[in-house]
Every structure is written in structure tokens, then in C-alpha cells.
Amino acid sequence: WAFGAERASVDFDELNDGPPATDTIWRLMQRGLLGCRIDGGGRSLPHDDAEVIASLLARLDITLGGRAMAVDMARWARAGMAPDWMPGAVPRCVPRDVMENQYGVYAKTEVVERIEVVKRGRKRMVDVLACPVTFQPTAARITAARMAYGQWWLALQQMQGMLRKADLRTIEITQDLPPRAPWNTTA
């Protein structure tokens, strides 16, 4: 809601000009005290609670990914998605390269050895062909995707705790979180 409908943005305030969980209105008031006049823009400001959520996200713990995770979480929230943990992915043996002709798609082969064979009393050199294979997706790629999902889940848990302590006006924070390791569930 904060990043999708309200279009809040994560602002990494280098000056840190306010306490945690401050919103744009507070910053505008502080600048107004200095005599700064704020010129209007082309769209309305996000809801105060959305600003607080974005502010807290910008202060995400460095051990949970810090700024990079905050930007990713905002991007996923805007899209209404979670990180891809590669559901159902299992490494499969596939040809490294394929070729296509009028009869279909075939694995490309290459000569791995030339051997001498005797056929009908005559010696001949014959090519030994093999199809080079690879495993896709790799186990390392699946593991990395699932570790990234786990890191995202931990960041969500921290955000849930921070939002429970924040003084949100209209948003209620529940205990609900997505599954911690959805790949471990049995059908």
C-alpha cells in the first residue's frame, strides 16, 4: 500500500535531519521554521503512514541488507510481489547447445575421439560423438534465490517490529507474514 497505491519512496537522508519514523510533513515544517518556502509539485504527497513506513524502511539494519534490501523491498512492494525463490526448481540435465532443422530440435554433438574399427575386414576411422550437457538451473542458483528470500523474510520481520512501535494513525500491523521457507511445505 505505502509503495504501490501511495507511491511513497525510500529516501536515504544523508543529513539524518530527524528522528526515526519522521515523514515529509515534519521535514517541511522544519524547513518552514528556517524560512524556506516550499513550491508545490505535480502530485499529492503520500499518506503520513506511508511516509513513516518508507522512513523506517530506509533505516533497515545493515545485517539484513541495508539500503540495497530497502530498495529491493520497495520495488517488490510496488509490484505486489515477493522475491523469486524458484518454486519447483530442480537441477535438470540439459544439452549445452541445440540445433534445429525441418525434423525438430536436436542436441548438438561434438567429436570427442576418433577410433579405428574393423568392419568387414577393413580398418576405418570412426568419430565418437557426445552431447555436452549442463545442469539448469544450478543448485547454487536455487540456493542463492532461496537465501535471498530468507533475507527478505527477516527484513520483513524487522519491519513488522519497527512498525508495531511506530505511531501509525490509520494502519494496523498484524502478526501475519508470508511463509518463512515456502519450499519446505509439503503438498
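**Exercise 1. Which residues form a nonpolar patch on the surface, and with about how much accessible area together?**

Solution. The model is predicted. Step one: name the members. They are Ile25, Met29 and Leu45. Step two: give the area. Together they offer about 280 Å² of accessible area. Step three: place one member. Ile25 sits in helix α1, residues 24–33. Step four: check its exposure. Ile25 has a relative accessible area of 35%, so it is partly exposed. Patch residues need over 30% relative accessible area, and Ile25 has 35%.

**Exercise 2. Find the patch of positive charge on the surface and place Arg124 in it.**

Solution. Step one: list the residues. Lys119, Arg120, Arg122 and Arg124 gather in this patch. Step two: locate Arg124. It belongs to strand β5, which covers residues 122–130. Step three: check exposure. Arg124 has a relative accessible area of 46% and is therefore partly exposed.

**Exercise 3. Decide how many disulfides the structure holds, and account for Cys93 and Cys131.**

Solution. Step one: count. The structure holds zero disulfides. Step two: test Cys93. Its nearest cysteine sulfur belongs to Cys131 and is 7.7 Å away. Step three: apply the cut-off. A disulfide needs two cysteine sulfur atoms within 2.5 Å. Cys93 is in no disulfide, and neither is Cys131. Step four: check exposure. Cys93 is partly exposed at 48% relative accessible area. Cys131 is partly exposed too, at 32%.

**Exercise 4. Count the salt bridges, then work through the pairs of Arg96, Arg114 and Lys123.**

Solution. Step one: count. There are six salt bridges. The cut-off is a nitrogen-to-oxygen distance within 4 Å.

Step two: take Arg96. Its side chain meets that of Glu110 in a salt bridge, at 3.7 Å from N to O. The pair links distant parts of the chain, 14 residues apart. Arg96 lies in the loop between β1 (92–95) and β2 (98–101), while Glu110 lies in strand β4, residues 110–119. Arg96 has 53% relative accessibility, so it counts as exposed. Glu110, at 40%, counts as partly exposed.

Step three: take Arg114. It forms a salt bridge with Asp127, and the closest N and O atoms are 2.4 Å apart. This pair also links distant parts of the chain: Arg114 is in strand β4, Asp127 in strand β5, 13 residues apart. Asp127 has a relative accessible area of 37% and is partly exposed.

Step four: take Lys123. Its partner is Glu116, with the closest N and O atoms 3.9 Å apart. Lys123 and Glu116 are both exposed.

Terms used:
Residues are numbered from 1 along each chain as its sequence is written. This is a predicted model: local features need pLDDT of at least 70, side-chain atom pairs count only at pLDDT 80 or more; totals for chains, interfaces and linings use all residues. Side-chain values use heavy atoms; hydrogens and water are left out. Patches are made of residues with over 30% relative accessible area and no salt bridge: like charges are joined within 9 Å, nonpolar side chains (Val, Leu, Ile, Met, Phe, Trp, Tyr) within 5 Å. Accessible areas come from the Shrake-Rupley method with a 1.4 Å probe; for residues, only the protein chains shown count as cover. Lys and Arg count as positive and Asp and Glu as negative; His and the chain ends are not counted. The place of a charge is taken as NZ of Lys, CZ of Arg, CG of Asp or CD of Glu. Helices (H or I, at least four residues) and strands (E, at least two) are DSSP runs, numbered from the N terminus. Buried means under 20% relative accessible area, exposed over 50%, partly exposed in between (1.4 Å probe, protein chains only).
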